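Thank you all for coming; I would like to walk you through one model this morning, going from one sheet to the other and ending with a pair of helices. Please have the structure open as I speak.

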Amino acid sequence: MFKKTKIRLTIINSVVFSLLIGILSVIIFTYTNTRLYKDVDQSLLWTIERIQKSDNPAGLQIANRDPRLLMIIWDENKQRTNPLPGANVVFLEEELKYPKKINELYDDKVGNMNYRTISIQGDTRHGKITLQLLRNIDSEKELLDTLLIILLVGWVIGSILSVIAGNILADRALIPIKNAWQKQQEFVSDASHEIRTPLTVIQSRLELILRSPNATIEEKAQDFSILLKENRRLSKLVASLLTLARSDSGQIQLNRNMFSLNELLEEVISHFSEIVSFQNKEISLLISNTHFYYGDQERIHQLLVILIDNALKFTKENDSIQISCEQIKNHIVLKVQDSGVGIKEENVTRIFDRFFQEDESRTSKSGIGLGLSIAKWIVEEHNGKIRVHSKKDVGTTFEIILPIHSTK
C-alpha cells in the first residue's frame, strides 16, 4: 500500500518540480529574447527617426558609428543606389534583396548572417526611393541559442534531480502516515486483546454455570461476581474507546461554564474516601484560596478521577497522595502527587500512549491503559499542558497547567 502511495507522491512531486523549472526557463528565455530585441528595435527606430528628419539620409550612413548597422537605398526599379562600406561588399553584394515589408520590423537572413530590418519609402528629387536599415543580430542569435541549450540541459538535469528529490520528499511525507498507520494497527490489536480477555472470561464462566443447571444462585455466587466484574471492565473499556474515537474525529464539544475548583476537588476526594480508608492510605488536599475556572466541569471531574484512581493503584499501604491547586499568573496549576512505585525513566514519555502499561502494572493491576490518554486529551482540549515527574520507587507527580482564559 505504501509503495504505491510513494510512487504516486514521487511522480506528483517530480511533475510539479519539472513544471516549475520549465516555467522558470520559459520566463528567462522570453525575458532575455524580448530584452535583446527591444534594444535592437529601439536602435533601428531611433535611426529611422533621424533619417526622416534629415535632408540628406545618405549622409547619415557615414556618420553612423555602429558597424552592425547598414543603410541601403533602393530606387523605383528596386535597384540598390548607394555603395556598401568596405568588406561588406564582398559578402553582401549578391545576397541583398529588396525588402519584403515596408514600415514593419522583421527578421531577415542575408547570406549566412542574420539581420533585423525595417524599411521606409519617400519621394526625392531623383524619384521615389526605399530606404532600408539592417541591424546584424548574429551575436543576439548566438546568445539566445546558447541560452536555450543551457536551459534545456538545465531542465533535463533538473527533472532528473526532481525525481530524486520527489522520492526523498515522498519518503519524508510518508513517515507520519506510516507512524499513524502503525499506531492504528497497534491500537486495533491492543483493543481486540483487551476486549477478548473479559469476553473469554465471561464465556468460560457462563459455560460452567450451564453445566450445573440445578445449582442455586448462592452456589454460583462467585461465578456471578466474576461475570459482573468482567462486564464492568468491558463496559469501561468500550466507553473509553468510544471517548477516544469521538475525540479523534472531533465529535465531542466541551460544555464550558464557570465553576468552583475547590468544590469540585472536595467532591472528587470524598468519592475516594472509603477506598482510601479501606486500603490504609492517606489523601490530602492543599488549597489556600478560592479558585474558579471556566471549562467543562464534567471533563475536569473525569480528569481528576483518572489521576487520583491512577495514584491509588500504584501506592502501597500507608502511602500518601497529595492534591494541590494554586493560581500562578494566568494559569491554574493542579498537582496529584503520590509516594508509590513510580515509573521507569524510559517509560515516562510513553505513559500517555494508548494501551501502554508497564509490565509490572499489567500483571498486577486492573487497568486498561486508556485513562491517561483520555486525561491528556481533556487537558489539551482546555488548551492546557500535562506533565509528569516520576522516580522509580519514590513516587510520581502529575502537573496540570490550565489557562484561566481558555477560548478554544
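Let me begin at a single pair of residues, Leu70 and its bridge partner in strand 4, which is Leu134; two strands are said to pair here if DSSP finds at least two bridges between them. Strand 1 and strand 4 pair in the antiparallel sense, and they do so over six bridges.

Before going further, I should say that this is a predicted model, in which local features need pLDDT of at least 70 and side-chain atom pairs count only at pLDDT 80 or more, whereas totals for chains, interfaces and linings use all residues. Residues are numbered from 1 along each chain as its sequence is written, and side-chain values use heavy atoms, with hydrogens and water left out.

As for the whole chain, there are nine helices and 11 strands, where helices (H or I, at least four residues) and strands (E, at least two) are DSSP runs numbered from the N terminus. Of the 408 residues, 37% are buried, meaning under 20% relative accessible area, with exposed set at over 50% and partly exposed in between, for a 1.4 Å probe and protein chains only.

Back to the sheet that holds our leucine pair.

The open sheet of four strands has the order 1-4-3-2, and its pairing is antiparallel. Strand 1 (69–74) and strand 2 (106–110) stand at the edges with a single partner strand each, so one side of each has no neighbour in the sheet. From one strand to the next, the twist averages 35 degrees, and angles throughout run from 0 to 180 degrees between N-to-C directions, with axes being lines fitted to C-alpha atoms, for helices over the stretch in contact. Helix 1 (residues 2–53) packs on this sheet and touches strand 1, strand 2, strand 3 (113–124) and strand 4, its direction making about 20 degrees with that of strand 3; contact means heavy atoms within 4.5 Å.

One residue of strand 4 (residues 127–136) deserves a pause, namely Arg135. Why does Arg135 count as buried? Because the relative accessibility of Arg135 is 6%. The side chain of Arg135 is joined to that of Glu140 by a polar contact of 3.5 Å, a polar contact being a pair of N or O atoms within 3.5 Å, where within protein one must be able to donate a hydrogen and the other to accept it, and residues adjacent in sequence count only if both atoms are side-chain atoms.

Now to the other sheet I want to show.

This open sheet of five strands has the order 6-8-9-11-10, with mixed pairing. Its edge strands, strand 6 (282–287) and strand 10, each pair on one side only. Neighbouring strands are turned by 15 degrees against each other on average, direction ignored. Helix 7 packs on the sheet, touching strand 6, strand 8 (320–328), strand 9 and strand 11, and its direction makes about 170 degrees with that of strand 11.

Strand 11 is the one I would look at most carefully. Nine of its nine residues are buried, so strand 11 is largely enclosed by the rest of the structure. Gly395, Thr397, Glu399, Ile401 and Pro403 point one way from strand 11, while Thr396, Phe398, Ile400 and Leu402 point the other way. Strand 9 (residues 331–338) runs antiparallel to strand 11 and is joined to it by eight bridges, with Asp338 opposite Thr396. Strand 10 (residues 385–391) is also antiparallel to strand 11 (residues 395–403), through seven bridges, and Lys385 has Ile401 as its bridge partner. Strand 10 and strand 11 form a hairpin with three residues between them, and Asp393 in the turn has a positive phi of about 65 degrees.

Finally, the helix pair: the axes of helix 7 (residues 297–313) and helix 9 (residues 371–381) come within 9 Å and cross at roughly 145 degrees. Among the residues that meet there are Leu303 and Ile306 in helix 7, and Ile374 and Trp377 in helix 9.
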